[in-house]
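Colleague: Mind walking me through how the labels on this one were assigned? I'd like to hear the cut-offs as we go.

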Amino acid sequence: MDNQAFLSKIKELNKQANVKEWAKYILSNDSKEIDFPLQSISFALGKLLDANIYIVNAEGNLLGYYERHRVNTQRVRNLIENRSFPYNYIQRLAGVEDTARDIKIDDNLTVFPVEKRANYPEALTTIVPVILSEDRMGTLIVGRIQEELDEVDSLLLEHAASMIGLEIALEYGKEEVESEQQISGADLAMSTLSNTEVKALRGVFKQMGEDVTETILTTSEIADKINVTRSIVVNALRKLVSASIIEQRSMGMKGTYIKVLNPLFVERLLAEES
């Protein structure tokens, strides 16, 4: 193996992933999808390997991608836009326990659209399981038009899979912290409310409607509907602002703008009524 070539590619991968040079590519292609957590690694790998790159987690959610070759159909582009690969394909990926290199296009593990098989008969797919501490975190998928991976490229992918595993673990950690913060915030807010204020807030969120996270409403109308004073509604909303449950601002004659920041609180508030 050419150790110098390997080290050079590792250095370039780390550089591009850290400084996010992929942003230039995103902006030059007028893409709005700039918030994928693993987009920088996808971009760096795609450039280094002259390949299409897709990173999915264990649930099949797309965490990053780079299309070096414009081979996808509208069907596949829709999947990318929705950030989710088909369930059947994800199940097949889960069955790949070790790196599978240079899979041909007629195999059901190919990442290339079936509609394009005649156009790219020599296209090859490589599947790299992303494993961290014996847990399957996701899968790295590499699509090349014709050239097989060499030893340096294969080692580069294994290194990238380790980076990806750590990034996914960090994302999961952030989600757990945010969830715990929402739970504690909901508990705290509930403990500060009187029975009348709870009644008032239920009226507010029922008025907003199910799954609605922001709206403009009139507090006096809410108060009249549930037979409480307007001051009770206003005070209850102020408590939620203080607890970072909602964002609120006056819209003048239009009413009050409300945006829910902690949907868990709303779920708990309405569930306790039933």
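Modeller: Sure, let's start with α10, where Phe-265, Val-266 and Leu-269 are buried. Buried means under 20% relative accessible area, exposed is over 50%, and partly exposed is in between, using a 1.4 Å probe and protein chains only. Helices here are DSSP runs of H or I with at least four residues, strands are E runs of at least two, and both are numbered from the N terminus.

Colleague: What puts those three on the same side of α10?

Modeller: They cover an arc of only 100° around the axis, so they end up on the same side of α10. The arc is taken from the directions that run from the helix axis to the C-beta atoms. In general, an α-helix has 3.6 residues a turn, so residues three or four places apart point the same way.

Colleague: Before we go on, what sort of model is this?

Modeller: It's a predicted model: local features need pLDDT of at least 70, side-chain atom pairs count only at pLDDT 80 or more, and totals for chains, interfaces and linings use all residues. Residues are numbered from 1 along each chain as its sequence is written, and side-chain values use heavy atoms, with hydrogens and water left out.

Colleague: Why is Arg-144 called buried?

Modeller: Its relative accessible area is 7%, and the label needs under 20%, so Arg-144 counts as buried. Arg-144 sits in strand β5 (residues 135-144). Beyond its neighbours within four places in sequence, its contacts (heavy atoms within 4.5 Å) include Leu-49, Phe-112, Leu-124 and Asp-153.

Colleague: What makes Arg-144 and Asp-153 a salt bridge?

Modeller: The definition asks for a side-chain nitrogen of Lys or Arg within 4 Å of a carboxyl oxygen of Asp or Glu. For Asp-153 and Arg-144 the N to O distance is 3.7 Å, so the pair qualifies. Asp-153 is buried as well. The structure holds seven salt bridges.

Colleague: Which other one has partners in distant parts of the chain?

Modeller: Asp-187 and Arg-268 form a salt bridge at 2.1 Å, N to O. Asp-187 is in helix α6 (residues 151-192) and Arg-268 in helix α10 (residues 263-271), 81 residues apart.

Colleague: And how do you know whether Asp-187 is buried, partly exposed or exposed?

Modeller: Asp-187 is at 39% relative accessibility, which falls between the two cut-offs, so it counts as partly exposed. Arg-268, at 26%, is partly exposed too.

Colleague: Now the sheet: why do β6 and β7 count as edge strands?

Modeller: The sheet is open, with three strands in the order β6-β8-β7 and antiparallel pairing. β6 (214-217) and β7 (246-250) each have a single partner strand, so one side of each is left without a neighbour in the sheet.

Colleague: What makes β7 and β8 a pair?

Modeller: Pairing takes at least two DSSP bridges between two strands. Five bridges join β7 to β8 (residues 256-260), so they pair, and they run antiparallel. Arg-249 stands opposite Tyr-257 in β8.

Colleague: Why does Arg-249 also turn up among the salt bridges?

Modeller: The closest N and O atoms of Glu-247 and Arg-249 are 3.4 Å apart, which is within the limit, so they form a salt bridge. Glu-247 is partly exposed at 34%, and Arg-249 is partly exposed at 43%.
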